[in-house]
Each structure stands twice: as C-alpha cells, then as structure tokens.
Amino acid sequence: MTRMLEHMPIGDMDQSSSQHRSSTEGGQSQGSASASSEIALLRERFARLNEAGSRITEDHELDVVLREVLDASCSLTGASRGAMTALDDSGETQEFITFGLTDEERESLPVMPGSAELSAYLNTLPEPLRVSDATSHLAGLGIGPLPFPVTSLLSVPIRHRGKLVGNLHLLDKQGAAEFSADDEETLSLFAIQAASAIASARLLRDERRARADLETLIDTSPVGVVLFDVRTGTPVSLNREARRIIDGLRDPDESPEELLHRLRYRRGDGREMSVAEFPLTRSLNTGEVVRAEEIVLQAPDGRSVSTIINATPIRSADGQIVSVVVTMQDLGPLEDSERMRAEFLAMVSHELRAPLSSIKGSAATLVESGPALDPAATAQFHRIIERQADQMQELITDLLDVARIESGELVIAPEPVELSELVDAARNTLLSGSLQNEVRIELPPDLPRVMADKRRVTQVLLNLLSNAARHSPHGAPISLSASQVGVEVEVRIADSGAGISAERLPLLFRKFSRRPVEAGAEPPDSGLGLAICKGIVEAHGGRIRAESEGLGRGSQFTFTLPATELAGVVPQAVAATALPQRGRASGGQIRVLAVDDDPQTLRYVRDSLVKAGYEPILTGDPDAVAQLIGERRPHLILLDLMLPEIDGIELMETVPEMRDLPVIFLSAYGGDRRVARALEMGADDYIVKPFSPTELVARIQTVLRRWTARASSEPAEPYAWEDLRLDYGARQASLAGRPLDLTDLEYRMLVELSVHAGGVRTHAELLGQVWGPGHPGRSGAVRTVIKQLRGKLGDDANDPTYIFNIPRVGYRMPKAGEPEI
C-alpha cells in the first residue's frame with residue numbers, strides 16, 4: 001500500500017483523498033440518521049411503556065389493575081382482541097377477562113371442544129409464543145377448532161419473582177398479518193411492570209381482607225371490645241357487644257364518655273370501688289395489664305351488668321402507651337346458663353327420684369316379704385317396677401332427643417306416607433294406655449300424602465295428644481283435624497281445657513317449659529315434650545305454633561308437613577325450570593347462594609348442599625351478592641340475619657335483584673324480633689343455628705315447592721282492571737303503561753288477590769298463601785302490605801279502584817268484566 005502511494009502522482013493523491021473524505025462523510029451521515037431513527041423509536045416505545053405503567057398503577061383495586069393491564073397490552077401492540085388469565089397461588093385460574101370479544105365469543109370459549117387442553121397449553125408457556133397462523137398452530141397440537149376465526153397470536157407469561165401469576169394472550173394485530181418481534185419485546189417488558197402492579201394490588205387486597213376479617217371477628221365477638229385513646233381517655237371504637245352492654249346502661253342522649261363518669265363500680269364480692277381503682281383507669285394511667293377482674297357496672301337509676309374485665313396497653317415502637325384495649329364479658333348469659341343447669345339438675349333429680357323410690361320400695365317389699373306375699377300383690381309390685389322403669393327410660397330418651405336437636409344432629413328419614421296411618425298409630429297407642437278423653441278425628445278423603453319420618457311424626461302426635469289430654473277435664477273431647485294449605489299439610493290438635501295465657505305462649509316450646517297446672521299439683525311432665533315436637537317438625541321443614549284465647553278457653557297446637565304430591569319427590573331439574581326467570585345449571589341442578597360471614601357455617605352449608613345434589617354458591621361479602629345473582633343466577637338465597645356492617649334485612653332492601661328470589665334467613669335466635677321483621681319484609685322462611693343438614697334441605701325443598709306451586713297456579717292470561725295490568729309470566733305489574741316497583745311481598749299479595757279476583761280473601765288466607773303456612777304473621781302485617789300497595793297504585797282506601805276492604809273479613813279485587821263498584 002505504501003509503495004502504491006509512493007508511485008501515485010500528487011494530483012491523483014489529492015483527488016483520491018477528496019473522494020475518500022466525501023464517501024466517509026456520506027456513510028457517517030446515513031448511519032447517524034439510522035441511529036437517530038432507532039433512538040426515536042426506542043424513546044417512543046419507552047414513553048408508551050412508561051405511560052402504560054402509569055395507567056396500571058393509578059388504581060390499586062385488583063379487578064381494575066387487571067383490566068388496565070389487558071387494555072394497555074392491546075394498545076401497545078395494536079391487538080384487536082385479547083384475553084388475560086390471572087392465576088392464584090396454586091396455579092388455578094382466578095380471573096379471566098377479555099378485550100374486544102363479543103359476549104357470544106366469550107361464552108363459547110369454556111364450552112368449545114378441547115377447552116381444557118387450550119387453557120392448559122396457553123397458561124403453562126415457559127416463554128413468549130408468537131405465531132402468524134394460530135388456528136393451524138393449535139390444530140397441529142390437536143387443539144381446536146376455535147369457535148371464532150383467529151389469525152395471529154402473541155402470548156406472554158407474567159411472572160413475579162420467578163412465579164407465574166398470569167398470562168396475556170393477544171389476537172389479530174390491526175393492519176398487519178402478524179405480530180412483530182418488537183411487539184413481542186414490548187409486551188415482554190410490559191409484563192414485568194404488570195407483574196409488579198398485580199402483585200401490589202393482590203397484596204393490598206389481601207391486607208384489606210385480613211383487616212376486614214379481623215374487624216368482623218372483633219365486631220361479631222361475643223365479648224365486648226373497646227379501644228381507648230390514652231391521651232384523651234375516651235373510647236375510639238366499640239364492637240357490637242360492647243355497644244349492647246353500654247346501651248343497656250346509658251340514657252338515649254348520653255355518650256359513652258359521659259356514662260363512664262356516672263357509673264358506679266362494685267367488685268364481685270359487692271365492695272364498691274372508686275374510679276381510680278377501676279381497672280381501666282389503672283391501665284390508662286400506669287399501663288398495668290388487668291386480667292379477669294369481676295366488676296359490676298351500675299347506672300344511677302339502678303340498671304346494672306356483671307362483667308369480667310381485661311385491659312391490655314398497646315405501646316409504640318419507643319415504648320410509649322398509645323392506647324388500651326379493654327374486653328368485657330357480660331356474665332348475664334353465664335348466670336342464666338348456670339341457673340338453667342341448676343334447674344335441669346333439679347328437674348332430672350326430681351323426675352328420677354320419684355320412679356326410683358317406687359322401684360326401690362316395691363323391690364324392698366318383694367325381698368322382705370318373700371313367698372308369704374299374696375300373688376296378686378306380687379304382680380302389682382312387678383307392674384309398678386315395670387311402669388316406673390318405662391318412665392325413666394322415656395325421660396332419658398327425651399333428654400337424648402333434646403341434645404340431638406340442640407346440636408343439630410337429629411336425623412330423620414322422611415318418606416311418602418298417609419297422615420291417617422300416623423294418626424291411627426298415635427291414637428291406638430294412647431287408647432292402650434290410660435287415655436280417658438275421646439279423640440275426634442277429621443281428615444279429608446282427598447288429603448295428599450306427607451313426607452314424614454313415621455316414628456318421629458307419630459312421636460309428635462303422641463306428645464301433642466297427651467298434652468291436650470293432660471290439660472283437659474276427664475272425658476272432654478280432643479279434636480284432630482288436617483287440611484292442605486298450599487304445598488303443605490296443616491295438622492291441628494285442639495282441646496277445651498285450661499288454656500294458655502298470652503305471656504306464656506311464646507315460651508311453650510322452650511326446654512323445661514311447662515304449662516301451668518292447678519296449685520299444689522305435681523308437674524305432670526318433664527317440660528321436654530313440646531321442645532322435642534318443635535325440633536322434629538322443623539327437621540321436616542315444617543313449623544309448629546300454639547294458639548289460645550286465654551286461660552280456661554282451651555288451646556290449639558298446629559304443625560305443618562310437606563305434601564308429597566306437590567313436588568316433594570319431583571326431580572330437581574323440574575323444579576329448576578319451574579322457578580321464574582332462572583337459568584338451568586348442568587344436569588338441571590338448583591343453585592343456592594349462601595351469604596354468611598362465618599367460614600365454618602359456609603363450609604357446613606356447602607357440604608350439606610353438595611350432598612343433597614344442589615349447586616352451592618358461597619360468599620361472606622354482602623357487597624358481592626348483587627353481582628353473584630347477576631352472574632350465577634341462583635334459584636334460592638340462604639342469608640345470614642346478622643352480617644358485618646349490614647344486617648340481612650337491610651341487604652334485602654338495598655339489593656333489588658333479591659326481590660325475585662326466595663330467601664331463607666339463617667338466625668342464631670329463633671325468637672328474635674328481627675326474624676319476625678324479616679318474614680314481614682318478604683323472607684320465605686328461617687332456620688335457627690345450629691341446624692342439621694336434614695332440616696336445611698327440608699326447608700329449601702319446602703320453599704322451592706311453594707314457589708313452584710305459586711308459579712304454576714298463576715293464570716296464563718294477564719290480569720287487567722282499569723289502568724292496572726299484571727303480567728304473571730313476566731312477573732311485572734304496570735299502571736297506565738308504567739312499570740311498578742314492587743317488593744316481592746307486595747307482588748305476591750297482588751298476585752294472590754288478582755288470581756282470586758271477584759272473591760274475598762280472608763286475613764288468614766292471605767297470611768297462609770303470601771307468608772306461608774306456620775309463619776307468625778298477624779293481620780297487621782297484611783294491612784301494612786295493603787297500605788304500601790295502595791300507595792303505589794294511587795288507590796284511595798275510602799274510594800278504592802283496585803283493592804277493596806271487606807270489614808272484619810279481608811280484601812278483594814274486581815274481576816275483569818264485572819261492573820265497576
């Protein structure tokens with residue numbers, strides 16, 4: 001090269017040098033332009049990534065973050081459609097959301113041939129997948145065909161700290177045949193940001209759930225919990241039990257702080273203490289931990305409550321006391337339990353002592369007298385021993401039955417049976433004993449069979465007939481009658497004996513509750529019979545009640561059993577299709593939505609429903625009820641009466657989707673006033689915790705039969721009168737073409753009156769058909785619903801157009817075609 005330069009003329013050298021410089025400068029210029037273009041593209045890509053990253057972190061709600069991730073992925077790559085799966089810790093799909101797919105396309109994916117294989121393949125990809133012909137690619141794997149046409153596919157896994165948390169699947173790039181390598185790189189970078197955003201949203205959700213669970217646990221605790229601020233000495237928060245205890249002591253316009261200064265404090269031994277000695281004061285001032293001190297809190301007007309108090313200080317990181325947690329347990333229920341235990345022991349001792357004394361005395365006489373005793377006397381003593389032993393055995397059997405009922409473990413085996421068969425068995429048993437009263441039986445010949453456990457329902461009839469005889473004069477007749485009421489058979493046993501006072505009626509079915517007897521007379525029974533009757537009837541899905549016009553005016557006991565001919569043995573698929581506006585699950589299963597904040601109750605309900613062939617839908621979140629009704633379309637709702645922050649009745653009022661569904665309340669207290677209010681608000685039934693799987697299933701079957709029968713009994717033709725139109729098929733009422741917003745109870749009342757238009761429906765008939773047999777409704781409940789209906793119809797009670805009052809009888813609606821009234 002050097003030699004060539006040495007022999008080259010100077011001019012040529014200059015020219016060559018000039019050309020070389022020009023060529024070099026041109027190449028540099030082109031390279032610089034290309035590099036600038038690439039830098040600009042990279043800047044644009046990173047700007048879009050930053051913008052997308054900002055979008056997915058603006059909101060911390062998990063469902064919003066997932067939606068933003070999918071939307072941003074499609075925007076970054078130009079995808080016209082897409083889907084995203086979010087996986088839980090076990091790798092199962094937790095969320096599945098789509099972009100650009102129609103409802104029909106979305107619903108077709110889970111039911112397409114090879115859906116499980118497609119999901120397993122796409123959700124376990126170890127690295128990004130980019131193909132130009134998705135249909136052919138999947139067909140080569142034996143998957144498909146897809147239910148809608150797809151060309152290009154780009155799938156990218158989302159990993160957080162090495163763990164797969166989801167997958168992005170983008171379809172059909174807009175304006176191009178396939179996704180590019182840049183799209184794949186961009187989406188892979190974005191997946192890293194998405195993983196962090198999803199993990200943060202899940203962490204926040206889990207923290208909120210844990211906090212909500214803790215707050216719910218504290219708020220529903222049977223022990224009162226109060227958090228005090230040390231600086232001010234005032235309560236910051238109180239749980240439900242603490243508020244109940246305090247509300248029982250304070251005046252309506254008095255604050256908890258004011259009450260604390262007015263209370264008097266006594267120790268468990270009766271000695272009064274000063275405010276300075278009060279455990280809370282000591283804990284606030286010195287940080288002392290107080291353990292299990294029995295304190296009586298007494299208001300100035302004499303109201304008091306005995307409590308066990310604990311106080312624990314909460315310290316900051318530097319050791320300073322910032323607050324004090326005080327727990328107080330009301331000893332009232334424990335004292336009641338102790339009293340009931342003492343009464344129980346006294347009752348059992350008395351009931352066992354009498355037959356044991358007879359047995360011991362008879363046996364001693366037989367032993368001491370030996371062969372010298374007259375044979376007739378010997379036989380009599382043997383009969384006494386046998387009779388008293390039978391009495392002891394009955395008592396022990398009753399105690400075991402009560403224990404099974406209270407623990408929800410009473411097992412029954414219902415089968416279709418004629419009621420007359422059970423009545424005859426009970427009457428014959430009584431006649432073979434010492435019954436001295438005539439039993440008059442009135443059973444209609446067309447009475448349907450009932451679903452009943454023969455032995456248990458015969459036991460109920462025996463108890464009620466014996467109870468009637470025990471409280472009636474010798475020889476006074478006892479009547480037993482029955483009739484069909486809706487989908488149930490109602491059995492009534494009436495006597496003309498001692499009667500029951502109004503204040504005693506609500507207590508009759510409690511354990512150890514006895515009807516009053518004449519002064520000086522020995523209690524004739526253990527007080528367990530009626531409690532056992534109630535448990536057996538409710539295990540069948542029925543109800544039992546007592547009625548009396550007062551002392552000396554007799555009484556009537558009524559209980560219900562499901563009638564078999566009206567769907568007691570109808571397949572679930574038939575019942576599912578008969579229920580209004582509900583879709584069918586696979587295999588015709590009936591779907592039951594259970595709403596309860598207690599996880600143990602939900603698990604128990606789930607297992608019971610699955611075993612009975614129902615499809616359970618479970619939630620502990622009241623806010624999710626409306627969404628679950630819309631998405632899962634249940635046929636019936638089991639609703640806990642006491643939910644955190646909102647009770648079941650309020651939830652019924654605030655979720656309009658519940659109006660077209662049967663609702664059964666779960667309650668911890670059978671006599672709770674809230675239960676009566678829930679029934680008046682339109683609930684179909686209630687179950688008292690704890691309950692057996694048998695009772696749960698029986699209640700569900702009874703309510704579903706009632707709804708099915710109600711739907712099948714409605715006329716095909718709509719009801720029309722003046723401006724009112726009632727379309728039974730659509731379950732819609734309208735006035736002058738405007739839809740009426742009716743509660744379920746109002747709609748059922750309107751249907752009952754319109755179906756029997758032209759005739760009068762009595763208060764009792766309306767209570768039985770609208771609220772259901774056995775419900776503790778009153779005429780006042782009927783009047784309340786009628787008043788609400790009239791308000792929505794614009795109907796004047798003094799000059800009605802639609803609903804007419806028949807004084808002291810009931811109500812009627814005009815029949816189409818009859819003259820105007």
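What follows is a conversation between a colleague and a modeller about how features of this structure are assigned.

Modeller: This is a predicted model in which local features need pLDDT of at least 70 and side-chain atom pairs count only at pLDDT 80 or more, while totals for chains, interfaces and linings use all residues. Residues are numbered from 1 along each chain as its sequence is written, and side-chain values use heavy atoms, with hydrogens and water left out.

Colleague: What makes Leu 154 a buried residue?

Modeller: Buried means under 20% relative accessible area, with exposed being over 50% and partly exposed in between, for a 1.4 Å probe and protein chains only. Leu 154 has a relative accessible area of 0%, so Leu 154 is buried. By the same definition, 43% of the 821 residues of the protein count as buried.

Colleague: Where is Leu 154 found, and which residues is Leu 154 in contact with, leaving aside its neighbours within four places in sequence?

Modeller: Leu 154 is found in strand E4 (residues 153-160), where helices (H or I, at least four residues) and strands (E, at least two) are DSSP runs numbered from the N terminus. With contact meaning heavy atoms within 4.5 Å, and with neighbours within four places in sequence left aside, the contacts of Leu 154 include Thr 77, Leu 129, Leu 170, Phe 179 and Leu 187. Leu 154 and Leu 170 are 16 residues apart in sequence, and their C-alpha atoms are 5.1 Å apart in space.

Colleague: How do you know that strand E6 and strand E12 pair, and in which sense?

Modeller: Two strands pair if DSSP finds at least two bridges between them; E6 (residues 224-229) and E12 (residues 321-330) have six bridges in the antiparallel sense, so the definition is met. Asp 229 stands opposite Ser 323 in E12. Strand E11 (residues 304-315) is also joined to E12, by nine antiparallel bridges, and Thr 312 has Val 325 in E12 as its bridge partner. E11 and E12 form a hairpin with five residues between them, and Gly 319 in the turn has a positive phi of about 90°.

Colleague: Why is one side of E29 and of E30 left without a neighbour in the sheet?

Modeller: Three strands form an open antiparallel sheet in the order E29-E31-E30. Strand E29 (760-762) and strand E30 (804-806) stand at the edges with a single partner strand each, so one side of each has no neighbour in the sheet. E30 and strand E31 (residues 810-812) pair over three antiparallel bridges, with Ile 806 opposite Gly 810 in E31.

Colleague: How do helix H14 and helix H15 cross, and which residues of the two helices meet?

Modeller: The axes of H14 (residues 454-470) and H15 (residues 529-539) come within 9 Å and cross at roughly 145°, axes being lines fitted to C-alpha atoms, for helices over the stretch in contact, and angles running from 0 to 180 degrees between N-to-C directions. Among the residues that meet are Val 460 and Leu 464 in H14 and Ile 536 and Val 537 in H15.

Colleague: What makes a set of residues a nonpolar core, and which residues have the most contacts inside the largest one?

Modeller: A nonpolar core is a set of buried Ala, Val, Leu, Ile, Met, Phe, Trp, Tyr and Cys residues joined through side-chain atoms within 4.5 Å. The largest has 47 residues, and those with the most contacts inside it are Leu 461, Leu 464 and Phe 559. H14 gives the most to this core, with seven residues.
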